[in-house]
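Visitor: Hi, I'm new to this one. Could you show it to me and walk me through the main points?

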There are 2 protein chains.
Amino acid sequence: MDKRKAILEAAVELIGAKGYTHTSMQQIADSVGISKGSLYSFFPSKEDLIISIYEHYQQLVFERAFVIGLDGDLPPYERFAKQFQVQFEGILEYKSYMKMHMRGETAQSSEKLESMGHRMRGRLFSWLERNLIDLYGENISPYKWDLMWMTQSIYTSYTGLMISSESNLSPKELGQHIVRQIDILANDFLSGNSRPLLDDDMMRPFSVGMDREGAFMSFEKREEAWKAIYERVNTLEEEKQYNLEVTNRISEESRKSNPDELVMRGLFQLLKENQKLKTAAEALEEQLL
Amino acid sequence: MDKRKAILEAAVELIGAKGYTHTSMQQIADSVGISKGSLYSFFPSKEDLIISIYEHYQQLVFERAFVIGLDGDLPPYERFAKQFQVQFEGILEYKSYMKMHMRGETAQSSEKLESMGHRMRGRLFSWLERNLIDLYGENISPYKWDLMWMTQSIYTSYTGLMISSESNLSPKELGQHIVRQIDILANDFLSGNSRPLLDDDMMRPFSVGMDREGAFMSFEKREEAWKAIYERVNTLEEEKQYNLEVTNRISEESRKSNPDELVMRGLFQLLKENQKLKTAAEALEEQLL
DNA sequence: GAACTTCTTGACTCATTAGTCATTTTACCT
DNA sequence: AGGTAAAATGACTAATGAGTCAAGAAGTTC
């Protein structure tokens, strides 16, 4: 019984529905079925609770897309669409969290949350940038901010649509739709018909480079580990396909809201049979388990 | 000495900067330089205050674009762009209000505010729809929701960019940019390359007014009457400012859920004093009462 | 300038809620 | 069963802030 997780889930549910200020610690405690004092033994303050919520859910939603991004087998266009798809699947799975996130109302300007938000936006943009360059090469550069900005706004608003209504928008179709629209806009820019409006200087607040480390260290280590294993797998001569499948299966399992630990261990065992993958596999296993 | 207006402005400033829940009535009173008791003689509650803010600023920002929309002299494409431009100009002028609006955090689910928000969204969409049909004719219909949705999201996110940064985005360029992007996407739909994702059924929550019997028709007549009065007022040589203020006050009152009929009649009487406004004022009065 | 009206004030009430801590309950060990 | 450590409880404190109202200030009229 992971009470901490139960609290996070109850809190997300309530805050997503009623907002941060209109959800009291008492209500959260009641909803989990524990006392307020007990709640405070897990989280020293309400602000800490909301920060923990973000820390808990952020990668759950975003890590998925990143992993797909590392899969070198898919052609760029399909990979990009697949990443959106996986993102939308995550959003559907964690609807309440996304609702809470999109409300955006939190404790009055917490340093920590603000820098976290900044980092997330930066991550989103650098992910988009990487995909744009994969798709169109370096000459998309002068138009990248306009494209990224429009993409981000379309993506965000479809996210809102998904979580608010009972619309049966399919993540797959939606992913393809968005990439298709980006493609049209990008080609128009590349053909020289449209002038860009945004530039590096204007978008400085959104380009987050190597600023402070901190809360996301572990997330980044995990990214590194994923990158390493995919790189190793791709250099294999024999059994490449097989090991890629195993790795993808691990990725899939790890994306579930409740990954089966035994399944994971077993899959890692399969990877570790191959001497060339052993180290990388162990490193990733340590990060995930 | 319009104290009411001063309160609205101070409140918008504070709420835009710190959010609704983190702005106390005391702070608002202090900022205007009056006492809390005095504040409560203008607005019976905090919720009433925020509702009045919306009532006051809504048309100040949006009315402009509607008036341009009724101008038949400009070709559709330019007219559409011009409408965006005017909208963005309004946004720049009322930055604090837009900040407040985009925060979106208000009293916990006020009936009144919710229906107001719904009406505004509906208005935005029907305005977009009219422009799309003017531009592309009826055969844009199957794709209208996708186009409107993307347009709205791009529009909103550029609005956010405008009010948050010191970016010197020019309203004119921005208007042209947005219409240009819509055009590209629309042409792609029309050429049959992309499939639409959204349909009437899905978007029912956003289509307002059209289904309720003649509501839309009378709405248009009313728009005509508004357009006429504003045009007349703007051609005045003397007392233009005064009559503009009266007209704005009528507009404000008419948007309340329970407009005070006597106040309205009195205001119209003021307008009718001016011979040049008499006919237009009477026409509008008939529409509203 | 007195009598009267209207406007303005800020100290007060009352409800809410974050956070604390002495006390009780449960879990575990021998 | 008895003893001890750990966990859970909820009554309590303190702060905040919406909304009230009696008393005082300012304005108006004759």
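Guide: Sure, one term to start: a polar contact is a pair of N or O atoms within 3.5 Å; within protein, one must be able to donate a hydrogen and the other to accept it, and residues adjacent in sequence count only if both atoms are side-chain atoms. With that in hand, a backbone N or O atom of A:S35 lies 2.8 Å from a phosphate oxygen of DNA strand D. This is a predicted model, where local features need pLDDT of at least 70, side-chain atom pairs count only at pLDDT 80 or more, and totals for chains, interfaces and linings use all residues. Residues are numbered from 1 along each chain as its sequence is written, chains are lettered from A and ligands numbered from 1 in the order in which they are written, and side-chain values use heavy atoms, with hydrogens and water left out.

Visitor: Which other residues have an atom by a phosphate oxygen of DNA strand D?

Guide: A:K3 has a polar side-chain atom 2.7 Å from one, and B:Y40 has a polar side-chain atom 3.1 Å from one.

Visitor: How many residues surround DNA strand D?

Guide: There are 13, and the closest include A:K3, A:S35 and B:M25. A residue is near a strand if one of its heavy atoms lies within 4 Å of it. The largest share, 3 residues, comes from α3(B). Helices here are DSSP runs (H or I, at least four residues; strands are E, at least two), numbered from the N terminus.

Visitor: And DNA strand C, which residues come nearest?

Guide: Out of 13 around DNA strand C, the nearest are A:M25, A:K36, A:Y40, A:K46 and B:S35. A:K36 puts a polar side-chain atom 2.5 Å from a base oxygen of this strand. A:M25 has a polar backbone atom 2.8 Å from a phosphate oxygen of DNA strand C. For this strand, α3(A) gives the largest share of the surface, 3 residues.

Visitor: Changing topic: at what angle do α5 and α8 of chain B pack?

Guide: About 35 degrees, with the axes of α5(B) (residues 76-93) and α8(B) (residues 144-164) 10 Å apart. Axes are lines fitted to C-alpha atoms, for helices over the stretch in contact, and angles run from 0 to 180 degrees between N-to-C directions.

Visitor: Which residues make that contact?

Guide: Among them are B:F84 and B:F88 of α5(B), plus B:Y155 and B:M162 of α8(B). Contact means heavy atoms within 4.5 Å.

Visitor: How is chain A divided?

Guide: Into domain 1 (65-206) and domain 2 (217-288), with bounds from an automatic or database domain assignment. Their centres, taken over C-alpha atoms, are 26 Å apart.
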